[in-house]
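Student: I'd like to go through this one by asking how each label is earned. Can we take it piece by piece?

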Amino acid sequence: MITILGLGFVGLTTGLGFSKKGFKTFGIDINEERLNKLRNYEIPFHEPHLKEVLTETLGTTFFLDVPFDEAIKNSEAVFICVGTPSAPDGSADLKYILAAIDQIVDVADRKFKVIVTKSTVPPSTVSKRVKPYIDEKLKQLDRSIGLASNPEFLREGYCWEDFIEPDRIVLGVEDEKSKDILNTIYKPFNAPIHYVSYNSAEYIKYLSNTLLSTLISYSNEMSMVADAIGDIDVPTAFRILHEDKRWFGKPASMAKYVYPGCGYGGYCLPKDTSALDSIAKEHGVTPHILTGNLKINNEVKEFVSNKITSKVKKDEPIGILGLSFKPESDDVRLTPSKDIIEKLLAQGYTNLFAYDPLANNEFEAAYPELKIQYEKSLPDILSKTDHVVILTGWKEFKENENSITQKNVFDYRYMF
Ligand SMILES: NC(=O)c1ccc[n+]([C@@H]2O[C@H](COP(=O)([O-])OP(=O)(O)OC[C@H]3O[C@@H](n4cnc5c(N)ncnc54)[C@H](O)[C@@H]3O)[C@@H](O)[C@H]2O)c1
């Protein structure tokens with residue numbers, strides 16, 4: 001049995017979804033007006049499909065008027081789906097979540113149950129706020145409670161479709177009993193289930209939403225830049241942008257660009273981003289996203305070299321795998337490898353070896369001032385060093401994962 005606290009877009013859909021899958025589900029809300037509508041088979045907001053499911057399940061597997069303590073006592077899982085509005089300083093206001101937890105813990109008995117945060121909460125909320133809060137409360141009470149974080153990715157307008165046919169299910173869960181309960185609940189959805197830490201689960205939700213908001217702000221910033229330059233048909237330009245095959249995964253998908261690493265390089269992205277940043281400023285527009293984008297591309301190389309120097313001693317040999325700015329190319333213009341090698345040398349790491357399947361000669365010719373030793377093959381470089389840093393995502397490296405991962409690997413192309 002499952003209890004849902006909060007019957008808004010997320011909670012009502014979740015409750016109806018579980019009841020449709022055959023789980024006995026209790027829906028609880030503090031808003032009487034909302035409850036009255038639901039009792040009359042009315043959905044309190046516009047959302048297709050929910051009315052039909054409510055009509056089908058209310059009174060059979062979905063229940064609204066079960067007393068709160070009875071619902072909690074009988075449930076193996078309690079999903080918190082209350083709102084998490086912004087506090088005046090922009091942080092997430094957790095008062096509804098903490099109030100809901102108080103109510104649950106106060107009436108729970110000794111039977112194990114898992115409290116699942118489905119509301120969107122910033123990474124570290126469960127580990128740093130909810131868990132200590134519950135642990136403190138449980139010191140005085142003899143209760144057996146697990147915690148989980150289960151972010152929801154549904155879109156308003158498509159709540160039902162997105163919930164019932166999810167792309168993936170993310171479960172931040174750190175104890176076996178809670179994991180078993182949630183596995184039983186989500187198995188019927190036939191979607192990939194990812195078990196991760198509490199923080200990772202919360203982070204994945206923000207990763208998704210902030211990417212979307214960045215894409216929108218990026219588009220808006222670009223339209224302001226276009227307007228300032230003049231004579232640019234913005235809607236047409238964006239429509240043509242969308243004709244790029246990469247949006248549709250042919251031959252490679254746009255997802256390829258949404259991986260962190262050691263920064264972008266090559267002939268086009270750095271110079272073109274700088275040029276647009278510069279002409280926007282000339283036309284009186286402050287392009288925050290473009291300027292921030294360039295700044296991050298510099299900072300990430302500092303981040304990478306600091307990660308290496310924090311783990312490796314100065315006299316130890318380090319193997320650099322990859323010199324070109326991307327695989328299947330020998331282009332070394334503005335390649336991140338150059339900046340990272342330069343930073344390591346500047347910090348006194350002079351025992352550097354490098355290997356690139358195609359670009360050894362090009363790199364040496366372009367950057368003769370960098371005093372490093374070039375190796376002819378992957379086995380050669382691996383025989384010289386215990387530490388390897390992957391800076392270009394060559395297929396050869398992926399194919400030799402077993403031998404590379406014998407070493408201490410700094411993988412900045414997310415290959416393994
Ligand atoms: N709306 C979306 O598209 C969407 C998508 C994914 C995630 N989320 C997240 O899910 C959470 C809920 O969003 P929503 O849009 O469903 O909110 P909502 O405001 O529509 O619903 C929240 C409900 O919780 C009820 N509530 C508050 N405190 C309660 C308590 N102690 N006990 C029982 N009920 C209580 C409120 O009365 C309200 O009906 C938020 O954290 C939101 O960020 C929303």
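Student: What makes strand β7 (residues 169-173) and strand β8 (residues 193-196) a pair, and in which sense do they run?

Tutor: Keep in mind that this is a predicted model. Pairing takes at least two bridges, and β7 and β8 have four, in the parallel sense, so they count as a pair. One spot to look at is valine 170, which stands opposite histidine 194 in β8.

Student: And how does the chain get from β7 to β8?

Tutor: Through helix α8 (residues 176-186), in a right-handed β-α-β crossover. With the strands pointing away from you, the path over the helix runs clockwise, which is why the crossover is called right-handed.

Student: Where else is there a right-handed β-α-β unit?

Tutor: Look at β4, helix α5 (residues 95-107) and β5, which make one. β4 and strand β5 (residues 113-117) pair in the parallel sense over four bridges, with isoleucine 80 standing opposite threonine 117 in β5.

Student: Which other strand is joined to β4, and by how many bridges?

Tutor: Strand β1 (residues 2-5), which runs parallel to β4 and is joined to it by four bridges. There, isoleucine 4 has phenylalanine 79 in β4 as its bridge partner.

Student: How do you know that both faces of strand β4 are covered?

Tutor: Side chains in a regular strand alternate between the two faces of the sheet. In β4 (residues 77-80), Ala77 and Phe79 sit on one side, Val78 and Ile80 on the other, and all of them are buried. Buried means under 20% relative accessible area, so both sides of β4 count as covered.

Student: Why is threonine 309 called buried?

Tutor: Its relative accessible area is 18%, and the cut-off is under 20%, so threonine 309 qualifies as buried. Threonine 309 lies in helix α12 (residues 288-311).

Student: What does the side chain of threonine 309 have for a polar partner?

Tutor: The backbone oxygen of asparagine 306, which lies 3.2 Å from a polar atom of that side chain. Polar contacts are counted within 3.5 Å, so this pair passes on distance.

Student: Why is tyrosine 41 called partly exposed?

Tutor: Tyrosine 41 has a relative accessible area of 34%. Buried would be under 20% and exposed over 50%, so the label is the one in between.

Student: What makes the backbone of tyrosine 41 unusual?

Tutor: Most residues other than glycine have a negative phi. Tyrosine 41, in the loop between α2 (32-39) and α3 (50-57), has a positive phi near 60°. Leucine 334 is another case, with phi near 50°, and is found in the loop between β9 (318-321) and α13 (336-346).

Student: How do you know which kind of peptide bond joins lysine 250 and proline 251?

Tutor: Omega is about -5°, and the bond is cis. Most peptide bonds are trans. Proline 251 lies in the loop between α10 (234-241) and α11 (269-282).

Student: What makes the ligand's link to threonine 84 a polar contact?

Tutor: An oxygen atom of the ligand is 2.6 Å from an N or O atom in the side chain of threonine 84. The limit is 3.5 Å, so the pair counts. Backbone N or O atoms also come in: phenylalanine 9 at 3.0 Å and threonine 120 at 2.9 Å, each from an oxygen atom of the ligand. Taken alone, the ligand exposes 840 Å², and the protein buries 81% of that.

Conventions. Residues are numbered from 1 along each chain as its sequence is written. This is a predicted model: local features need pLDDT of at least 70, side-chain atom pairs count only at pLDDT 80 or more; totals for chains, interfaces and linings use all residues. Side-chain values use heavy atoms; hydrogens and water are left out. A polar contact is a pair of N or O atoms within 3.5 Å; within protein, one must be able to donate a hydrogen and the other to accept it, and residues adjacent in sequence count only if both atoms are side-chain atoms. Accessible areas come from the Shrake-Rupley method with a 1.4 Å probe; for residues, only the protein chains shown count as cover. Buried means under 20% relative accessible area, exposed over 50%, partly exposed in between (1.4 Å probe, protein chains only). Helices (H or I, at least four residues) and strands (E, at least two) are DSSP runs, numbered from the N terminus.
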